Amino acid sequence: MTLLCVCLQMANLVTSLCCVVLAAVVVAYAQRRSQLVARNQYERMGNDVTMQCGSLDNDASVSWKVNGTDVKAQHHLEGPRLILTEVDLGHNGLYSCFQNPHGERRDTIYLHTGIPPREPTVTCRSNTYPKGFYCSWHQLHQTFIPTTFEVDVQHNHRSLEVQQDPDHKNRCRVRFPEVFSSFPYKVNVTSVNALGKASTTISFEESSIVKPDPPERVTATPIRHNARRLEVSWHSPATWPDIDNFPLKYFLRYRPLIREQWQHVELSDSTSHTITDAIAGKEYIIQVAAKDTEIGTWSDWSVAVHATPWIEDPLPITSTTEVDYTTEAKTSPIPSSNAPQKAEQPVGGAARLLTHFSPLLLGMLLLFMW
């Protein structure tokens, strides 16, 4: 019984020792693994940069490579530290350090150079009034490193829900909490990256940002038998959600291609118009804009369409040259050449015979006279 207890105690001791050794191996492996996985280091362009080789002591001797080759840019070593001067985009890359004399890799660093963000440009607009509005933003200057944006919208001292636009990275949508509100909206957009942050805040009233999208499916059709008219029609923008309760008015402009000056017509709520002063036979360019009847600003111009007023089909041309020629040939012969012609006297057969024997007859007549 005593021997059995001793064996059990020894077995437990061995198991415990194995667990301790295994734990130490796991910790060491994890530490080594963490040293081999590249870590990101972001630095501002134009600055001097120091990269530390892991946790090595100051008297450690190391060598450095960038993207697998020896570091050749302006630099100097201070123990386990590599110092680069006035870094730019050309210094970006994967840096690895190796401890001498065995050349064991001890750390890897991915260097990113860039600049802190500046204040973003922010605009807001409602093309789906009265449902809501969207805000968009962009950086005027490139940062060269990943930059994110934080958006906060305030109305009547409370934050509104902001929804990221699925089709545009730098755009968000916000629902109007109430229609015809007299409280202004305040939108703050903050640009953030590893080197800093910068913010822009704008404030506006609901009515000032209403701007529909341009009218759609604009067509222009000539009117038959009228050389100065064009029938123009269009549809309200599909993004405008409630055309019955929030009607739009329209602005039509048109001009012939041969002229630079536009002619304009403002319409209350009609989606068609007849141009009555078109120049006959001239091609026209036509566009339409839209606006809420009460608030906001005009939309951009629609896609331009081209049309030409009705032109009467010309009658077929029948050639009369052949008919005239035939008639003339029957009544008046074609005149001969103007060159003079030698005339021949028409003589019969007896006359020709008399002419042939005239010398013989003359001789016989003279003989009888004698």
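Which side chain meets Arg 173 in a salt bridge? In this predicted model, the partner turns out to be Asp 165, with 3.4 Å from N to O. The two ends of this pair sit in rather unlike surroundings. Arg 173 is partly exposed, its relative accessible area being 30%. Asp 165, on the other hand, comes out at 6% relative accessibility, and since buried means under 20%, Asp 165 counts as buried.

That pair belongs to a bigger set: searching the whole structure turns up 6 salt bridges. Another of them links Asp 300 and Lys 211, whose closest N and O atoms are 3.1 Å apart. Here it pays to look at where the partners come from. Asp 300 is found in the loop between β22 (284-292) and β23 (305-307), while Lys 211 is found in the loop between β16 (196-204) and β17 (216-222), so this salt bridge ties together parts of the sequence that are 89 residues apart. As for accessibility, Asp 300 is partly exposed at 46%, and Lys 211 is also partly exposed, at 22%.

A further salt bridge joins the side chains of Lys 65 and Asp 70, at 2.8 Å from N to O. Lys 65 has a relative accessibility of 29% and counts as partly exposed. Asp 70 falls into the partly exposed class as well, with 48%.

Now for the strands. One open sheet is built from 5 strands, and reading across it gives the order β1-β8-β7-β3-β4, with mixed pairing. Its edges are formed by β1 (39-44) and β4 (69-70), each of which pairs on one side only. Further in, β7 (residues 93-99) and β8 (residues 104-114) run antiparallel to each other and are paired over 7 bridges. To pick out one spot along this pairing, Phe 98 has Arg 105 in β8 as its bridge partner.

What about the loop between β6 (81-84) and β7? His 91 lies there. Is His 91 buried or exposed? With a relative accessibility of 11%, His 91 counts as buried, because the cut-off for buried is under 20%. A look at the neighbours of His 91 fills in the picture: leaving aside residues up to four places away in sequence, His 91 touches Ala 73, Leu 84, Thr 85, Glu 86 and Leu 111.

Definitions and conventions. Residues are numbered from 1 along each chain as its sequence is written. This is a predicted model: local features need pLDDT of at least 70, side-chain atom pairs count only at pLDDT 80 or more; totals for chains, interfaces and linings use all residues. Side-chain values use heavy atoms; hydrogens and water are left out. Two strands pair if DSSP finds at least two bridges between them. Helices (H or I, at least four residues) and strands (E, at least two) are DSSP runs, numbered from the N terminus. A salt bridge is a side-chain nitrogen of Lys or Arg within 4 Å of a carboxyl oxygen of Asp or Glu. Buried means under 20% relative accessible area, exposed over 50%, partly exposed in between (1.4 Å probe, protein chains only). Contact means heavy atoms within 4.5 Å.
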